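Colleague: I'm new to this one and would love a close look at a single part of it. Could you pick a strand and walk me through what surrounds it, then add some side-chain contacts from elsewhere?

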Amino acid sequence: MDAFKRTHITSLGMWFILITLVIGLGAVNTGNNLLYFMTSMLLSLIIASGILSEVVLRGITLHREHPAHIFSKRQTNFRWRLENRKRWIPSFSIWIEEMDGDIADPVYLHRIPAYSSMQVDVTYLFKRRGVCRLKGFLVSTRFPFGLFLKKRFLRQREELLIYPSVRPVGGGYHRGTGLHDGGSVRIRGRGRELYGLRDYIEGEDSRLIHWKSSAKVSRLLMKEHEREDGRKVMVYLNNSQPHPIPPDFEERFEYLVEEAASIVSTLIKKGYLVGLCYRMGRIPVRGGTAHLYRVMKALATVTPVNVAGNGTIWQRGFSGGGCRVQRIEIAP
Amino acid sequence: MQGSEDRDSPIGFGLRKEDLLEHRSGHTCGNSDRAFIIVTYLLVPLGLWATYLSEAVSLSAIIGVGVLWFLSLLRTLRRGRPLHADTQDGHAISPGFKNIIGLIIIVYFLIDVLYISSSMLTTAVRLLLVAQVVKLFDINNERDLFQIVIIVFFQFLSVTSNTSTLILLPLFIVAFILTFLWLVLHHFKNEERDALELIKGGDCVSGVHRWHLTPAFFISTGLISLASFLMTLLFFFIMPRVEVGFFQHRASPLIRVAGFSEEIDLGEIGEIKLSPSVVMRVEFPTLKREPSIQPHWRGRAFDFFDGYRWIDTIGGKRMLMPEEGSFRIGDGGIENLLIQQIILEPIDTSVLFTAPNSVRLVGDFPYLKIDRNGSISLPRPPSHRLEYTVFSRINEDKGRKETVSKAYLQMPEGMEEAAALAGRITEGISEPEDKVKAIGAYLKDNFKYNLYARWDAKRPVQSFLFETKEGYCEQFATAMAIMLRSVGVPTRLVTGFLSGEWNGFGNYYLVRQKDAHSWVEAYMPGRGWLTFDPTPAVEVPSTYTGALLPYLSLFLDSMRLMWSRYIIRYSINDQQRVMEHVRERTFRIRDRSETIIKGIKDGIKGLRSMAYPVFIITGLVILLFLLYRFGRDMGFLHRYRSITEGDGIKDEAIRIYRDMLKILKRRGIEKSRSMTPLEFLCSLTGLSQDELSAIGLITHAYYTMRFGEAGSFSLSRDDLREAFDTIRQ
């Protein structure tokens with residue numbers, strides 16, 4: 001972590017310096033030593049201000065801790081670990097902010113005790129998905145009198161992958177897929193999930209009898225299973241770039257990505273096995289939280305692709321690869 | 001970290017969301033608000049004092065404003081709500097009424113500046129006072145407090161042009177410290193406000209909360225401000241004095257003295273002998289102690305006496321121009337001289353006072369005048385305090401040949417009786433000096449000192465010699481001069497001051513008006529003019545009463561002298577002197593260090609046989625030091641507050657527990673040896689819930705680390721430190 005400093009004079013400081021100069025001029029003009037004395041007092045306040053603000057900023061180190069998964073347009077709590085490495089001198093009146101100031105509000109701290117550490121929880125809000133490069137922190141102070149604003153840049157480079165925003169999904173995603181608003185398409189067949197119970201027909205495999213339920217109703221009931229490929233969904237995100245590019249294409253594209261993310265998130269949470277297919281990339285159909293974040297990572301970085309480019313994967317994805325998979329196509 | 005937005009744990013200094021909500025509602029009035037108000041109000045009396053010193057306003061007016069200040073303070077402190085940055089509502093005085101007051105004030109001050117005081121400065125000072133009073137009863141926001149401080153600042157500014165009294169020094173120091181503190185508090189208030197506005201603007205719950213000011217804050221701020229004041233002194237002394245002023249002349253009130261004009265009536269000196277006003281201070285830079293001889297400070301000498309008054313008739317004033325920075329007053333070398341550094345207050349005479357037999361005078365004067373009687377004077381009476389150095393001969397100027405004017409033997413009419421008396425006293429004495437001694441002894445033995453003596457105004461000398469036989473210095477000196485002249489000894493009457501009161505604190509003579517004196521100078525062939533004082537020694541009643549007061553007075557006077565010397569009269573010459581002194585010191589240190597280095601080299605040559613052991617020991621010491629530094633940097637030697645994460649939490653938990661016990665012991669809560677940590681925890685009473693929780697946490701950590709498995713410990717090092725900080729605070 002390296003640092004650089006910058007000093008600015010505040011408006012109060014400008015006035016203060018101006019008054020000092022005027023009184024100093026008066027002292028020189030009149031030779032009045034008491035005016036010299038007052039000038040000296042004002043000068044010493046200016047110098048003391050410079051020294052103290054320098055001391056205050058010295059020895060401050062800062063580290064940020066953040067969640068593993070960050071979504072855009074959602075407030076996320078980060079934790080800043082501050083250390084004052086000065087053995088005896090506390091730091092006062094410190095403002096801390098990210099160099100990219102629009103992602104988190106600045107934090108003001110009255111005092112950081114000498115030779116100690118503290119932590120501050122800060123709410124971040126990333127407006128866009130994608131890779132966010134954080135440069136470091138801007139630590140500043142106007143201590144002790146507000147005459148000067150002294151800034152110190154604490155470099156702490158970090159790259160964060162911001163997932164697209166996920167919103168509640170309505171019924172629109174099922175168009176042309178056979179999926180219902182509230183749940184999945186359930187087809188009886190071979191699988192592991194229980195589909196339902198029915199009466200036993202003689203000659204059937206007795207291993208499929210649901211003994212517990214049969215005991216309750218005093219007749220034999222057979223277990224029926226759900227066909228697994230009915231819970232598989234491939235989300236097709238058409239990230240092709242049209243020609244000519246419409247003026248609001250970027251906004252619309254971001255909306256599509258967010259829609260894809262929302263659908264994937266909703267489906268995986270409902271137990272579906274979901275894959276993602278887009279130009280330049282394909283993620284196979286899987287389930288679970290780890291897979292969700294895998295898809296989210298892909299969606300965080302997906303960009304519009306020129307249609308003239310390689311669309312092989314997209315084509316292959318659409319062909320279905322012989323596998324019975326529900327399709328959701330998301331296109332402009 | 002996911003989901004941490006729901007956390008409601010202490011943030012930073014312990015801000016919780018409810019604290020923030022409390023702030024937003026604006027119902028809190030932290031002690032920083034109160035401190036800010038009090039410090040602002042403390043500055044006001046200082047400004048009033050400064051106003052009083054500027055002599056533009058009477059004491060009764062200042063006391064009146066002081067009472068109003070107190071009432072305003074009570075009013076402001078009792079207000080229920082905190083002061084905001086710039087709230088316009090709720091002012092005690094309506095804007096319309098304020099305008100009317102403003103108009104009346106402007107009209108009054110126009111009249112004041114044109115007809116009453118006729119001084120812009122005085123009017124400005126009065127205007128400031130009125131503005132201050134109005135503002136004191138119209139305090140509604142921080143801006144009003146800011147304006148009050150600005151008024152105080154200008155009150156201090158105004159005092160600088162009117163007075164230079166010593167009381168300004170403590171006034172400046174206190175004002176500086178309070179202003180320092182005020183600026184810090186003002187800064188904190190501004191920052192706090194900005195931070196709160198930021199939070200109001202967004203939903204960010206960041207580490208902002210009201211900071212409770214502790215005594216430690218005030219003490220440390222006070223100490224830092226004192227250090228800054230030392231910096232003020234440094235700046236003051238090194239700031240270049242460029243004398244390019246257009247309005248540099250600054251008249252000080254003159255001290256009225258009598259007896260130093262070209263003629264004096266008998267009795268003039270007596271008029272000023274009751275005044276304790278300080279006329280001058282005399283230092284002896286080469287002695288730094290009271291000299292063995294107590295010189296008289298010679299002012300003016302007179303040759304002609306008409307029976308009622310003394311007149312300087314010889315005159316013949318010639319102009320003295322500086323030669324190589326000094327004025328050549330008399331003949332002779334500059335060896336074995338008494339050097340006097342004289343600080344003369346502004347008095348209404350142009351005479352410069354010196355010890356007798358002066359040969360050189362150094363001072364910042366364009367030219368001087370000297371007459372044949374040896375009286376030195378300025379072209380005009382000084383308008384401000386003067387400082388000059390005089391070199392005077394201590395010994396007589398033996399072998400000196402001088403033609404003495406017959407004027408020094410002049411006798412007024414009607415002095416036959418006095419001459420006859422002198423003849424009787426000196427009968428059979430031939431040597432002039434013996435004659436002087438005989439007449440002097442006669443006067444001392446047979447006449448009484450009486451400052452209130454009355455005499456016949458038509459024939460004062462005869463009345464003194466033959467009727468009242470009492471008087472003061474003028475009568476004694478006149479009688480002696482006339483009697484000596486009647487027996488053929490040339491004499492002249494000299495007016496000036498006695499040596500004065502020795503101030504042991506500052507090593508100088510303090511000469512007051514009551515030390516005004518007159519004596520006789522008689523010419524001794526071959527020895528020149530010698531001083532003879534026929535006035536009998538008399539116990540002068542002290543100016544002070546009480547045992548400590550004289551010492552205190554002398555101490556204060558020496559402070560006054562230092563204030564005047566080093567602050568008020570500090571000049572470019574002083575700066576040069578300081579620089580030369582520093583230069584000399586530097587050379588001296590360099591010479592001394594060279595001598596020491598040479599000595600060390602010689603010693604090393606002698607101890608060459610011991611070089612290897614010394615080398616090894618030094619190397620070991622350096623190695624140990626480097627190891628220590630390395631250990632400290634790597635965190636091995638850090639105390640519990642070590643901020644590097646890593647192993648060793650077990651040791652840290654134990655250390656924190658022990659430190660906690662020490663802190664509790666300091667607070668009067670001691671754990672007896674027979675108690676287990678848990679028993680001790682259960683025995684604690686009178687502590688806050690937070691403290692008890694913190695102690696419980698540390699005790700739990702101690703138990704776990706001491707007797708359990710470190711791996712099973714769920715608390716972090718930061719949790720422990722936070723708990724410890726809670727107890728420590």
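Modeller: Here is a walk along one strand of chain B, followed by some ring and charge contacts. Keep in mind that this is a predicted model.

Let's start with strand β18 of chain B, which covers residues 508–512. This strand is mostly covered: five of its five residues are buried. Follow the side chains and you'll see two groups. Y508(B), L510(B) and R512(B) point one way from β18(B), while Y509(B) and V511(B) point the other way.

Now for the strands that pair with β18(B). One of them is β2 of chain B, residues 278–283, which runs antiparallel to β18(B) and is joined to it by five bridges. If you want a spot to anchor your eye, take V278(B), whose bridge partner in β18(B) is R512(B). Another is β17 of chain B, residues 501–503. Here three bridges do the joining, and β17(B) and β18(B) are again antiparallel. Look for E501(B), which stands opposite L510(B) of β18(B). β17(B) and β18(B) form a hairpin with four residues between the strands. In that hairpin, N507(B) takes a positive phi near 55 degrees.

On to the rings. Searching the whole structure turns up 42 aromatic pairs over all chains. F217(B) and F218(B) make one of them: their ring centres are 5.2 Å apart and the planes sit at 75 degrees, so this pair is edge-to-face. F217(B) counts as buried because its relative accessibility is 6%, whereas F218(B), at 31%, counts as partly exposed. Another pair brings us back to our strand. The rings of F284(B) and Y509(B) have centres 5.7 Å apart and planes at 85 degrees, so they are edge-to-face too. F284(B) lies in the loop between β2 and β3 of chain B, and Y509(B) in β18, so the pair ties together parts that are 225 residues apart in sequence. Both F284(B) and Y509(B) are buried.

Some rings join up into a cluster that includes residues of both chains: ring pairs link F37(A) and F145(A) with F156(B), F172(B), F176(B), F180(B), F229(B), F236(B) and F237(B). Rings also meet charges in chain A. The charged end of R74(A) sits over the ring of F71(A), 4.6 Å from its centre. R167(A) has its charged end over the ring of Y255(A), with 4.2 Å to the centre.

Last come the salt bridges, of which a search of the whole structure finds 35 over all chains. K135(B) and D144(B) form one, with their closest N and O atoms 3.0 Å apart. K135(B) is buried, at a relative accessible area of 14%, and D144(B) is buried as well, at 3%. E433(B) and K437(B) form another, the closest N and O atoms being 3.5 Å apart. These two are four residues apart in helix α11 of chain B, so about one helical turn separates them. K437(B) counts as partly exposed, at 49% relative accessibility. The side chains of E467(B) and R459(B) also meet in a salt bridge, at 2.7 Å from N to O. E467(B) is partly exposed at 45% relative accessibility, and R459(B) is partly exposed at 27%. Over in chain A, a network of salt bridges links E54(A), R58(A) and K150(A).

Technical notes: Residues are numbered from 1 along each chain as its sequence is written. Chains are lettered from A and ligands numbered from 1 in the order in which they are written. This is a predicted model: local features need pLDDT of at least 70, side-chain atom pairs count only at pLDDT 80 or more; totals for chains, interfaces and linings use all residues. Side-chain values use heavy atoms; hydrogens and water are left out. Buried means under 20% relative accessible area, exposed over 50%, partly exposed in between (1.4 Å probe, protein chains only). Two strands pair if DSSP finds at least two bridges between them. Rings of Phe, Tyr and Trp (its six-membered ring) pair if their centres lie within 6.5 Å; planes under 30 degrees apart count as stacked, over 60 as edge-to-face and the rest as tilted. A charge sits over a ring if NZ of Lys or CZ of Arg is within 6 Å of the ring centre and within 35 degrees of the ring normal. A salt bridge is a side-chain nitrogen of Lys or Arg within 4 Å of a carboxyl oxygen of Asp or Glu.
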